[in-house]
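Work through the following exercises with the sequence and the model side by side, and try each task before you read its solution.

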Amino acid sequence: MQKLLYMNSNEKIQGKIQEKFDIQHEPENAEHELRKAYNCAVEHSMTYFWDRKNIEGVNPNEVVKIYKRAMNAYEEGKRLAAERWARTAKHLSFAFWHEAKITFLEKHQNELTFLKAATPDEYNLHEHSDTTADLLDSVSKNITDEHMRYFLLRARGHLLTLDRPEYKHELLRAERLKAAHEYARMLECMTLAYEAESIQKVAA
């Protein structure tokens with residue numbers, strides 16, 4: 001009886017999965033998949049066809065330096081600082097990824113036709129401009145050096161670009177918002193990393 005119940009339950013689950021699969025692969029879903037494919041095609045092209053020229057204001061070595069700082073802290077037994085510097089490196093690498101995508105797409109945005117009116121989910125956009133602006137305002141209160149101020153200004157620059165009425169390309173708008181948000185998270189983590197280091201210095 002127990003085996004029979006399990007089989008019936010499993011058949012129901014498989015049936016629901018198949019039903020969902022059938023719905024997702026109907027002709028009515030073509031627009032949704034085309035918008036998602038456009039985003040993937042841009043990233044594919046950026047990875048394989050870009051000439052890899054420098055992006056003004058972006059130094060990829062920054063991520064490596066911060067990662068090494070995180071690893072050094074870990075090897076010295078400073079686990080809290082290591083965790084926070086690691087998160088700082090992670091968010092900065094994400095920000096730089098979006099910077100690269102913006103630079104590539106702005107130069108090649110007319111090479112692929114695309115469907116407009118994409119949903120945030122179709123472009124993997126989960127950030128919001130208002131909450132990102134609030135986060136930047138919050139982290140700006142803890143800016144301690146010109147290095148951090150530079151990233152703050154760069155993030156705010158992305159948000160200001162979104163206010164330009166002629167800047168309408170949906171994927172570019174999404175990438176600028178993502179970049180601004182990642183810079184905000186990076187600055188938040190960097191502030192916490194400095195805090196962890198100062199606490200551990202006092203404790204030593």
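**Exercise 1: A pair within one helix**

Glu 146 has a relative accessible area of 60% and is therefore exposed, where exposed means over 50%, buried under 20% and partly exposed in between, with a 1.4 Å probe and protein chains only. This is a predicted model, in which local features need pLDDT of at least 70 and side-chain atom pairs count only at pLDDT 80 or more, while totals for chains, interfaces and linings use all residues. Residues are numbered from 1 along each chain as its sequence is written, and side-chain values use heavy atoms, with hydrogens and water left out.

Task: find which residue forms a salt bridge with Glu 146, and explain how the two are placed in helix H6.

Solution. Begin with the term: a salt bridge is a side-chain nitrogen of Lys or Arg within 4 Å of a carboxyl oxygen of Asp or Glu. The partner of Glu 146 is Arg 149, and their closest N and O atoms are 3.6 Å apart. Next, look at the positions: because the two are three residues apart in helix H6 (residues 146-162), about one helical turn separates them. Finally, Arg 149 counts as partly exposed, since its relative accessibility is 35%.

**Exercise 2: Pairs across the sequence**

Task: determine which parts are tied together by the salt bridge of Arg 35 with Glu 122, and then by that of Arg 84 with Glu 195.

Solution. Recall first that side chains of opposite charge can pair when their charged atoms come close. In the salt bridge between Arg 35 and Glu 122, the closest N and O atoms are 3.8 Å apart. Arg 35 lies in helix H2 (residues 30-49) and Glu 122 in the loop between H4 and helix H5 (129-139), so the pair ties together parts that are 87 residues apart in sequence. Both of these residues are buried.

For Arg 84 and Glu 195, the corresponding distance is 3.4 Å. Arg 84 belongs to helix H4 and Glu 195 to helix H7 (residues 170-203), so this pair ties together parts that are 111 residues apart in sequence. Arg 84 counts as buried because its relative accessibility is 15%, whereas Glu 195, at 39%, counts as partly exposed.

**Exercise 3: The whole chain**

Task: state how many helices and strands the protein has, and how many salt bridges the structure holds.

Solution. Helices (H or I, at least four residues) and strands (E, at least two) are DSSP runs, numbered from the N terminus. Counting them gives seven helices and zero strands. The structure holds 14 salt bridges, and Glu 43, Lys 101, Glu 175 and Lys 178 are linked in a network of such bridges.
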